[in-house]
Amino acid sequence: MKTSYVVVCTLMVLLLAEAQVTIAVTCSPAELSSCVSAITSSSPPSKQCCDKIKEQKPCLCQYLKNPNLKKFINTPNARKVASTCGTPFPKC
């Protein structure tokens, strides 16, 4: 009995270790404020900007569908910043 308990516990630990945990992202365009200077000028994006773009990537389609945000986000410079950060815009 003790051996089967140990085996079950070991399997549970292995399964939990292999499980991918999905973290919900709160979509907030304000999170991209660290990217404003890179988007509005030719300055390279900061590490913080790139981190935020990667974090907010699941939200980009939502932002592009919003007419108030689209004019800021759907620009060649914004796409260049995202690409520089290794996070190309998704096809929405």
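A disulfide here is a pair of cysteine sulfur atoms within 2.5 Å. Keep in mind that this is a predicted model.

**Exercise 1.** Work out which hand the Cys35–Cys49 disulfide has, and what it ties together.

*Solution.*
- Start with the distance: the sulfur atoms of Cys35 and Cys49 sit 2.1 Å apart, and the two form a disulfide.
- Now the torsion: about the S-S bond it is about 115°, so this disulfide is right-handed.
- Then place the ends: Cys35 is in the loop between H1 and H2 and Cys49 is in helix H3, so the bond ties together parts 14 residues apart in sequence.
- Both Cys35 and Cys49 are buried.

**Exercise 2.** Do the same for Cys27 and Cys59, and decide whether each end is buried or partly exposed.

*Solution.*
- Cys27 and Cys59 are joined by a disulfide, S to S 2.0 Å.
- The torsion is about -80°, so this one is left-handed.
- Cys27 lies in the loop between helix H1 (2–18) and H2, while Cys59 lies in the loop between H3 and H4, 32 residues apart.
- For burial, the cut-off is under 20% relative accessible area. Cys59, at 0%, therefore counts as buried, whereas Cys27, at 31%, counts as partly exposed.

**Exercise 3.** Find which residues line the largest pocket closest to its centre, and of what class the lining is.

*Solution.*
- The largest pocket holds about 330 Å³ of space.
- Among its 15 lining residues, Leu32, Val36, Ile39, Phe72 and Ile73 are closest to the centre.
- Helices H2 (36–40), H5 (67–73) and H6 (76–84) each give two or more residues to the lining.
- Sorted by class, the lining has 13 nonpolar, 2 polar and no charged residues.

Note on methods:
Residues numbered from 1 in each chain as written. Predicted model: local features only at pLDDT ≥ 70, side-chain atom pairs only at ≥ 80, totals over all residues. Heavy atoms only, no water. 1 Å grid on protein atoms, 1.4 Å probe; cavity = no way out; pocket = protein on both sides within 12 Å on 5 of 7 lines; lining within 4 Å. Points joined across faces, edges and corners; volume = space filled by probe spheres on them. Helix = DSSP H or I, 4+ residues; strand = E, 2+ residues; numbered from the N terminus. Nonpolar A, V, L, I, M, F, W, Y, C, P; charged D, E, K, R; others polar. Buried < 20%, exposed > 50% of the residue type's maximum accessible area, 1.4 Å probe, protein only.
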